[in-house]
Amino acid sequence: MSRETIASPSAARLRRPAFSVDLAGRLSGSWRSVLVVYLASRLFSTSVLFAVYEVAKLAGATFITPGSDRSFLDFTSSWDADRYRTIALHGYPSTLPTDATGEVLPNEWAFLPVFPYVCHLLMVATGMDFTVAAPLLATVFGAGAAIVLHRLLVTKVGHTGALWAVLLFCFGPMAFVMSVGYAESLFLLLMFGGLLAMQRRNYPLVAAAGIVASFVRPGALALALALGIHLIVRWHTERERPEARPVASEAAGAATTRSTGVAGTRRIAGIGTAPPALVLAARTSARRAWAGLREFVVGGRMPTRELTTIVVAGLAMAAAGLAWPVVAHVVTGQSDAYLETEMAWWVDYVGRPAFVPLTPWFLLAGRWLGIGGIVLVLAIIASFTFWMTRRSTLRLGHEVVAFVAGFFAYLVAVFLPQQSLFRLLMPLSPVLGTPAISSRPWLRRTMLLGGAALQPVAVVFVFLFTAP
């Protein structure tokens, strides 16, 4: 075979692997293409849910949530969605339920109000049943989250990286929660929307997204943290740098140097004599060092109005993120109502220990795996830190990196890792746009096919038999 034949395009096509379809290359960067990807993923997830439901009924499997075996819509409105249904129809209890020993039982105070109240409004306006309204709203909010995720990443990593992040997000193992009556879709839309608004410096919109998200799912404080990092980055990278101007004393020194000649000398107290040029250089270096230190501490000249808006937005989000325990206290009259409610879900795993921030992961791992579990948690934290500090990850922008790091820190600080941990990791999805993934065809395809293949497994093990 000639060299020209080997180098021909037709020969190159023959040498390509059988599975070489560039999905991102076949789709445009418009929101319509992202919506097509999302709708295809909803068809897939709904099919998986329906298949598991039908097989479970035929096999006589036990449906843990009462009534979830009545219909497919009841099935997609089970577990947490059943709690949201109670809130939508009856609100929150004014007295915490307790067992015979007086310990608080799991109850609706662990679930925040925006999603069920939006469901209630739709039910009142249309006459829909909750089993229709909740999955419908979750699906719609998920479409918005996918579109905003693409917009968030496309300016940082390009169309290919952004669209592959959307593909991995929509077809991931836990993506089926965007087709059931859960609040995740709304929370993701608000978090991604807040980050996009932050990139575009629309700080009132950042505040609005963060405040609403604080009453959708716990963890919205990560957006406030990201805004704080954003302020620091702007404060110290966009300052106006005044051009260097010789001060009067430096000019005088220079004049002296010119009048006495380069070879002239000047007496320095405690040292003796030194060339004037050396004296001038030392003074100039000291002044520049002091100016640099002052500039770093004081920062630049950001517009006062913009600075005030950022600070007020951050404080408002922080206050909203800490408000729900106060609401629970006011309504129930019990100061630790929210904390005791959350820890009621810990009983089956670690009993009822005292809550200490930053210890839940170590507590669970040590209880079940001993010292090996502690080492495992440290390895996970170290691996996450390594991944977040890679150059390819930093290309996502400081807003995304700060938010993802902050949300992971929140999970480590206060959350006991149970089967629902996989669902709670979905806000970390922007890191799927890193070029370390999108630039490696074998890796991105493996992750896409692996995520889709694991979705039926996840539905069976963390939705049919246990709460996701």
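Biologist: Before we dig in, what counts as a helix or a strand here?

Modeller: This is a predicted model, and its helices and strands are read off as DSSP runs, numbered from the N terminus. A helix takes H or I over at least four residues, while a strand takes E over at least two. On that basis the chain has 24 helices and two strands.

Biologist: Okay, so where does glycine 29 lie?

Modeller: Helix 3 covers 23-26 and helix 4 covers 31-58. Glycine 29 falls in the loop between helix 3 and helix 4.

Biologist: Is glycine 29 buried, partly exposed or exposed?

Modeller: Buried means under 20% relative accessible area and exposed means over 50%. Glycine 29 comes out at 40%, so this residue is partly exposed.

Biologist: Which residues does glycine 29 contact, leaving aside neighbours within four places in sequence?

Modeller: One partner sits 130 residues away along the chain, yet the C-alpha atoms of glycine 29 and histidine 159 are separated by 6.0 Å. With sequence neighbours within four places set aside, the contacts of glycine 29 are His150 and His159.

Biologist: Let's turn to helix 8. How far apart are its end C-alpha atoms?

Modeller: Helix 8 runs over residues 130-170, which is 41 residues. A straight helix at 1.5 Å a residue would reach 60 Å. Helix 8 falls short of that, with its end C-alpha atoms only 24 Å apart.

Biologist: Where is the kink in helix 8 centred?

Modeller: Helix 8 has a kink of about 135 degrees. Its centre is valine 157.

Biologist: And how many residues of helix 8 are buried?

Modeller: Helix 8 is mostly covered. Out of its 41 residues, the buried ones number 29.

Biologist: At what angle do helix 7 and helix 8 pack?

Modeller: Two packed helices are described by the angle between their axes and the distance between those axes. For helix 7 (residues 114-126) and helix 8, the axes are 9 Å apart and the angle is about 115 degrees.

Biologist: What classes of residue make that contact?

Modeller: Helix 7 brings Phe115, Val118, Cys119, Leu122 and Met123, and helix 8 brings residues including Phe130, Leu137 and Phe141. There are no polar and no charged residues in the contact, and the 11 there are nonpolar.

Biologist: Last one: is serine 179 buried or exposed?

Modeller: Serine 179 is in the loop between helix 8 and helix 9. Among the residues it touches are Arg42, Thr76 and Pro135. The cut-off for buried is under 20%, and serine 179 has a relative accessible area of 8%, so it is buried.

How values were computed:
Residues numbered from 1 in each chain as written. Predicted model: local features only at pLDDT ≥ 70, side-chain atom pairs only at ≥ 80, totals over all residues. Heavy atoms only, no water. Expected span 1.5 Å × (residues − 1). Bend = angle between axes of the 7 residues up to and from the residue. Buried < 20%, exposed > 50% of the residue type's maximum accessible area, 1.4 Å probe, protein only. Axes fitted to C-alpha atoms, helices over the stretch in contact; angles between N-to-C directions. Contact = heavy atoms within 4.5 Å. Nonpolar A, V, L, I, M, F, W, Y, C, P; charged D, E, K, R; others polar.
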